Amino acid sequence: MSARTIVLAAGGTGGHMFPAEALAGELQNRGHRLVLVTDRRGAGQGQTLATLETHVIRAGTVAGGGVGHKVGGLMNVVAGVFQARALLPRLQPHAVVGFGGYPSLPTMLAAARLGTPAAIHEQNAVLGRVNRLVAPRVAAVALSFDRTERVETSARRIVTGNPVRREVVALRDTAYAGPKEGGDIRLLIFGGSQGARVLAQVVPSALAGLDEEVRKRLKVVQQCRIEDLDDVRQVYAHAGIEAELATFFEDLPRRMADAHLVIGRAGASTVFELAAIGRPALLVPLPHATDDHQTANANAFSETGAGWTISQSAFTPADLIGRLNALLSVPHYLEQAAAAARRFGVPDAAKKLADVVESLAGSNGHGLEIGAAA
């Protein structure tokens with residue numbers, strides 16, 4: 001296909017930016033001109049996205065908060081729509097792709113109004129609020145999970161998987177082997193800024209409660225909030241557990257590949273990165289995530305045998321001790337889960353999504369060859 005101009009509408013959290021970054025890399029490799037339209041938080045993020053022609057427009061959220069917050073958010077969305085409606089005719093894109101979240105909303109509404117071919121990508125197992133609003137207005141709804149809640153039957157849907165970073169895909173062939181008798185047991189614990197607090201409260205106490213022979217074998221890598229670092233470090237030191245702690249790990253994919261077991265939240269990027277590499281996980285969904293989408297993500301992963309879902313209310317040191325004793329006593333369980341995780345992975349999701357975008361860009365929104373409503 002000859003080069004096309006494609007606008008990516010993304011911003012906000014890494015959950016929206018990571019798949020946009022992966023798609024951008026794939027489309028760049030195919031020779032297309034890419035433009036990023038984002039809010040002020042999204043500008044400069046990512047290795048590939050940071051190199052793109054970037055336009056910052058106003059955006060805001062109308063969820064949560066009081067009346068003043070909602071009115072202010074709506075005014076920002078309206079202002080952003082006018083900005084995007086002026087911008088898109090200048091860019092003359094062949095297609096616009098949105099990744100959900102309020103930063104994408106003005107651009108996607110403007111594209112629909114102007115008749116520009118458009119698609120959205122949903123990362124989670126529940127269609128997000130913005131994507132639910134935009135879905136009836138676009139030519140394609142690309143989904144990460146085969147079973148995605150709140151997708152209208154009339155939607156032109158296709159399951160692509162959730163694109164993950166190239167450095168994650170590169171680790172897919174890293175073989176997994178469960179802990180050997182008497183050998184190291186490597187645990188990775190992370191959960192982002194919203195998820196690290198409960199992990200810092202529960203995991204160290206649980207690991208400290210394991211038998212001494214097991215504690216001596218543990219090699220723990222844990223992400224913590226800065227305010228939790230000292231307390232967590234003291235628990236591990238008192239229990240004689242070797243632990244590396246930090247507020248952020250630049251090489252998190254490699255650490256996933258090194259782990260025998262991951263304990264973390266259930267954001268879509270986390271789930272699909274674990275699956276791409278093929279690593280088992282105990283997932284503790286963030287209970288206040290919008291529409292409880294992390295529970296849906298975790299259940300989709302664990303129902304394949306790739307891991308285990310634990311509600312935050314049930315996530316206690318005693319419960320975790322019991323689970324770890326059961327898993328570590330029979331390493332074959334972990335090996336089976338790792339294999340199931342790898343089968344769940346979609347390492348070519350970026351290519352599948354790029355195929356959808358190229359089809360959309362080449363068809364001007366007509367005759368797009370994607371799956372019909374499920």
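The paragraphs below lead through this predicted model, from the chain as a whole to its cores and then to single residues.

Taken as a whole, the chain is built from 14 helices and 13 strands. Its radius of gyration is 22 Å, close to the 21 Å that the globule rule gives for 374 residues, so the chain is as compact as a globular protein of that length. The C-alpha trace spans about 65 × 45 × 35 Å along its principal axes. Of the 374 residues, 55% are buried, and among the contacts with a sequence separation of 6 or more, 66% join residues that are 24 or more positions apart. The accessible surface comes to about 15900 Å², and carbon and sulfur atoms account for 50% of that area. As for charge, the chain carries 38 positive and 34 negative charges, whose mean positions lie 7 Å apart.

From these totals one can turn to the interior. The largest nonpolar core contains 35 residues, and those with the most contacts inside it are Leu188, Val271, Leu283, Phe301 and Phe344. The elements that contribute two or more residues to this core are the strands β8 (185-190) and β12 (281-283), together with the helices α9 (252-258), α10 (268-277), α11 (293-302) and α13 (331-344). Among these, α10 gives the most, with six residues. A second core, separate from this one, has 34 residues, including Val198, Leu199, Ile310 and Leu327.

Leu188 is a convenient place from which to look at the surroundings of the largest core, as it is one of the residues with the most contacts inside that core. Once neighbours within four places in sequence are set aside, Leu188 is in contact with Val221, Leu252, Arg255, Met256, Ala259, Leu261, Val262 and Ile263.

Helix α11, another contributor to the largest core, is mostly covered, with eight of its 10 residues buried. The buried residues are His293, Gln294, Ala296, Asn297, Ala298, Ala300, Phe301 and Ser302, and they pack against α10, β12, β13 (307-309) and α13. Phe301, which is buried in α11, is also listed among the residues with the most contacts inside the largest core.

Just before this helix, in the loop between β12 and α11, lies Asp291. Most residues other than glycine have a negative phi, yet phi of Asp291 is near 55°, a positive value. Asp291 counts as partly exposed because its relative accessibility is 26%. A positive phi of about 50° is also found at Gln92, which is not a glycine either. Gln92 belongs to the loop between α2 (67-91) and β4 (95-98), and its relative accessibility of 60% is why it counts as exposed.

Gln92 also leads to the strand β1 (residues 5-9), in which Thr5 lies. Leaving aside neighbours within four places in sequence, Thr5 is in contact with Arg33, Leu91, Gln92, Pro93, His94 and Ala95. Thr5 is buried, since its relative accessible area is 9%. By way of a distance, the C-alpha atoms of Thr5 and Leu143 are 23 Å apart in space, while the two residues are 138 residues apart in sequence.

Two further residues, each in a helix, complete the tour. Glu26 lies in α1 (residues 14-29), and it counts as buried because its relative accessible area is 15%, below the 20% at which that class ends. Not counting residues up to four places away in sequence, Glu26 touches Ala350, Lys351 and Ala354.

Tyr333 is found in α13, a helix that gives two or more residues to the largest core and against which buried residues of α11 pack. With a relative accessibility of 42%, Tyr333 counts as partly exposed. Beyond its neighbours within four places in sequence, Tyr333 is in contact with Trp308, Ala326 and Leu327, and Leu327 is one of the residues of the second core. The C-alpha atoms of Tyr333 and Ile241 are separated by 24 Å, with their positions 92 residues apart along the chain.

Technical notes. Residues numbered from 1 in each chain as written. Predicted model: local features only at pLDDT ≥ 70, side-chain atom pairs only at ≥ 80, totals over all residues. Heavy atoms only, no water. Core = buried A, V, L, I, M, F, W, Y, C linked by side-chain atoms within 4.5 Å. Buried < 20%, exposed > 50% of the residue type's maximum accessible area, 1.4 Å probe, protein only. Helix = DSSP H or I, 4+ residues; strand = E, 2+ residues; numbered from the N terminus. Contact = heavy atoms within 4.5 Å. Rg over C-alpha atoms; globule rule 2.2 N^0.38 Å. Areas by Shrake-Rupley, 256 points an atom, 1.4 Å probe, with all protein chains shown as cover. Lys, Arg positive; Asp, Glu negative; His and termini not counted. Charge placed at Lys NZ, Arg CZ, Asp CG, Glu CD.
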